[in-house]
Amino acid sequence: KAAEPRSDSNGPRRGSLCDRHCAIINNVQGDLSDLACHLHCPRVPPAICSPPCCQQHLDEVCESCMVKTTLTAENAVEANKLSNNYKFGFKKWKSHVTARPWEDRSEIVKELYSDLNVIRSSGGSTVTCGNVLYLLLFGWWLSLLYVLLAAVMLITVVGAPYGQLCWDLAGYFLWPFGKVIQKVEVPKSRRALGAREASAEARGTGETSPLLSGPVPRCWADTTHWQRAGTVVWLCLGYPVLVLAHGLVCVTAWLLIVLIPVAKLSARTVTTVLLQPPEQVLIRRLKMTEVPLEGEVILCCYHAVNFYYYKYAVDGINVFAVNLLPLVLVTLVLGYVDSHNHLTSSSIKFTLALLSIMPLSYYIGMAIASISAQSNFAVGAVVNATFGSITELTFYITALIKGSREGNRCYAEIVKSALTGTLVGCVLFVPGLCMVIGGIRHQEQRFNSRSAGVSSALLFLSVGGVFAPTLFSKVYGKLVCGECHNVTQNPLGHYLCHNCHFDLMDNNGTLYYSHVQPLVYTVSLLLPAAYLIGLFFTLKTHSHIYDIHISDCHMPGHHHSAVVHWSRWQALVILLLSTLCMSACADLATEHINPILTNSTISQYFIGVTVLAMVPELPEIVNGIQFALQNNLSLSIEIGNCIAVQVCMLQIPILVLFTIFYPTNFTLVFSDLHVYASMFSVVLMNYIFMDGKCDYFQGTVLVMVYFILLAVYFFAPSPSGC
C-alpha cells in the first residue's frame, strides 16, 4: 500500500517521459520492452528492471504512444493555432502563421532568402544543366541586347562610359556564373571638389534590404552623377529598354519557380547595377580573386536553378499560391468582360475558373489558420465551421441555381456526382496517397486507431443517413423505362429496356411529397445533430481519444517573440475577399460547364467525381502529404475523414435546407453507382484502419481501388435527362 502513493506521484513524470519517447517509437523500431521498463522505473536502468515489470507495462506504453500525437510548436501563436485547429471534425491547415527566426532555419532555406551578393568558396564547376538552361533561355539574347545598346551609347559620344559598361555587362550576362560585380571607389583626384562631401556621406550610409525590393543605391547621393549629360542620355535611351528586358526575364523566371535566382539577378541589376556611375562598376572573375575583394559586392551568382524554391514564401504565402494569384484576376476579367466568348471559348474559361479555385482555397485556409492562432477556441471553431466548407458549397449552390433557372437536371446530377466523388476521394485516395508517400520514408506508420474508429462510425452513420431516401425510393418507387424492345419476338418473352429509373412522382407525387420528402428533412436534421454529438464526445467527454499534445520542448525558436504574417483584421479581409472571388469563380465555372457536358464524350459522372470533386481539395491533399512525411499519419487520415464527414453531415443538409428556400432540382436520391461506390469505400477504409498501423502496400490498395472506381465512372453512361 505504501507503494501506491509513490506510483501516483511518479505518474506525471512517467507521462512526460512517454510524451518525449512517443516519436521515437513511431519513427525507430527500437526495443519497446526496454522503453517500457524505463518509463515505469525511470530511476532504474532497463537492465536492472525485472522482466515482469517490463511485460506488465509494455501494452500500456504501446497503447499510450499509439493514441498520442505529439506536435511541436515554435512559439505561443503557433501553439494556439495547433490547439484550436487540430481538433476532431475541424479542417487542418498546416501553413505557418508566424515567421521563423532566421538563425533557426536550415542552410538550404537561408540560401533561398539570401541576396546574391555573398562570395562563397568554390563549389565545383559552374557548367551545370541549370546554367546551360539559363544560357538557352535568357543569356544569349540579353548579351546581344547589351551589345546593341553599347553601340548606341558609343555613337552618342557623351554616353560612351555607359557604352563601355554595356559592353562589359554583355559578357557578364552571357554567362554570369563565377563572376562578381563590384562597386569600387573612384580616386579622389578625379572627383570634383563639390562632390567630396556627398560621396563621403554616401560611403557612410550603406544599407542592406531584401533583393527583390532592392537596396538603396548610394549613387542617389552623388548629385554630380545625375547632372551629367551622359547620365541623361542613358536614362532616356538605354535604361528603359533594359528595364523592360530584365522585367520580362524576372517575371518568366519567377513563374518557373526553380529559376527564381535568375529573377533575383535581373531585379538587382535593374535596381542597383544600372543606376551606378559606370566608372564605379567593376566586373571580375572569381578565379582571379584570390584575396578579399575591395569595395562593395553587388552581384555574385553561382547557379541559375535551385529546386528547393518550392519552399519559398512571400509574407508567409507559398510561391505557388503567389504565382497562381494573377490567374484569378485573368479568370475574372475574361469571364465577365468577354461574356460572349469572342476572345476565348467556354472550355478555356471553365478550366481557368476551376484552376483559380486552388489558390483561393489556400488563401482561405491560411486566413482561417491566422484567425484561429490569434483568437480563442470559440472564435476559431466558428470561423473553421463557417468557412471550412465554403469552397465546395459555393460551387454546389451556384450550380443548383443555374440548373433551376434553365430547367436542366444535369446540374443537380453533377452536384451529386461531385459530392460522391469528394466522399470517395477523401476516404480512399487522400489517405491512400498519404500512406504511399509516407511509407516511402517510413517503413511502418502508426496512427490513432481509436480516433479513426470514431470517424468510421460517423461515416457509417452519415452514409446510411444520406442514402436512406435512395434505398426507400428503390423499395417503394415505380420503375419507369424509356425504351423497351422485345428480344424474343414473343409478347410473353423477354424485354430489353433502356433509361430505366424509379419514378417518385406517380399519382401526383404522393410517394415523394408524403414519404420521401419528410424522410429527407428528418435525415437532414439528424445528421448535423450526430455531428455535434461527435464533436462533444471527442472534444469534451472523451477528449483523450483524440489526444494531440502540443509540445514546447526542443523548440528552436521558443526564445523569440512571434512575428505574425497576417494580423487578425488583415486575415479577415483576405478571408472575405477570397470568399468573394471564390463565389465569382464558381459562378463562371457553372456558367461555362454546359458546353463541356453536352459536347464531351466523357460521362458526366466521371467529370463530377474527378474534376469538380478533387480539384478544390488539392490544398488538403498537399497538407495530408506533408503530415505523412513528418510521420503524423493520424492527421493525414483525419484530413480525409473530416472532409468526408462534413460532406455527409454538413454540406448535404445545408443543400437540402437551401432547396427549401430556393426550389431546385436537387433531391436526396442518388444513382445506384453512387450508393455502391460510397458504401464499399467506407467499408474498405474501416477494414484498413482497424489495427492502427499501415504501410505503403495498404495505401497502394486504397489508391488502386479508387482508380478502379474512376474507371467504372468513366465507362458508365451519362445520367438520364443529360
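A residue is taken as buried when its relative accessible area is under 20%. By that criterion, 51% of the 722 residues of the chain count as buried in this predicted model. The secondary structure comes to 28 helices and 15 strands. Contacts that reach across the sequence are well represented: among those between residues at least 6 apart, 79% join residues at least 24 apart.

A good place to start is the nonpolar interior. In soluble globular proteins, nonpolar side chains tend to be buried together. Here the largest nonpolar core has 114 residues, and Leu428 and Leu612 are those with the most contacts inside it. Helix H17 gives the most to this core, with 15 residues. Beyond its neighbours up to four places away in sequence, Leu428 touches Ser681, Leu684, Leu702, Val705, Tyr706 and Leu709. A second, separate core consists of 49 residues, including Tyr162, Phe173, Cys250 and Ala267.

Helix H17, which spans residues 410-441, also packs against helix H27 (residues 672-688), at an angle of about 25 degrees and with the two axes 10 Å apart. Because angles under 35 degrees count as roughly parallel, H17 and H27 are described as roughly parallel to each other. The crossing of H17 past H27 is left-handed. On the H17 side, the residues that meet H27 are Lys416, Ser417, Thr420, Leu423, Val424, Val427, Leu428 and Met435. Their counterparts in H27 are His674, Ala677, Ser678, Ser681, Val682, Leu684, Met685 and Ile688. Sorted by class, this contact has 10 nonpolar, five polar and one charged residues. Leu428 thus has a place both in this helix pair and among the residues with the most contacts inside the largest core.

H17 has another packing partner in helix H25 (residues 618-629), where the angle is about 35 degrees and the axes lie 8 Å apart. This time the crossing is right-handed. From H17, the contact draws on Phe429, Val430, Leu433, Cys434, Ile437, Gly438 and Arg441, while H25 supplies Ile621, Gly624, Ile625, Ala628 and Leu629. The residues of this contact divide into nine nonpolar, two polar and one charged.

Two serines provide a closer look at buried positions within helices. Ser578 sits in helix H21 (residues 568-591). Its relative accessibility is 6%, so Ser578 counts as buried. Leaving aside neighbours within four places in sequence, Ser578 is in contact with Leu360, Tyr363 and Ile364. Ser143, for its part, belongs to helix H7 (residues 129-155). With a relative accessibility of 10%, Ser143 is likewise buried. Outside the residues up to four places away in sequence, Ser143 touches Ala170 and Leu174.

Lys693 offers a view of a strand position, being found in strand E15 (residues 693-694). The relative accessible area of Lys693 is 31%, and the residue is therefore partly exposed. Setting aside neighbours within four places in sequence, Lys693 is in contact with Glu444, Gln445, Arg446, Phe447 and Gln698. The C-alpha atoms of Lys693 and Leu633 are separated by 9.3 Å, although these residues are 60 apart along the chain.

Conventions. Residues numbered from 1 in each chain as written. Predicted model: local features only at pLDDT ≥ 70, side-chain atom pairs only at ≥ 80, totals over all residues. Heavy atoms only, no water. Helix = DSSP H or I, 4+ residues; strand = E, 2+ residues; numbered from the N terminus. Buried < 20%, exposed > 50% of the residue type's maximum accessible area, 1.4 Å probe, protein only. Contact = heavy atoms within 4.5 Å. Axes fitted to C-alpha atoms, helices over the stretch in contact; angles between N-to-C directions. Parallel < 35°, antiparallel > 145°, perpendicular 65-115°, else oblique. Left-handed = near helix turned anticlockwise from the far one by under 90°. Nonpolar A, V, L, I, M, F, W, Y, C, P; charged D, E, K, R; others polar. Core = buried A, V, L, I, M, F, W, Y, C linked by side-chain atoms within 4.5 Å.
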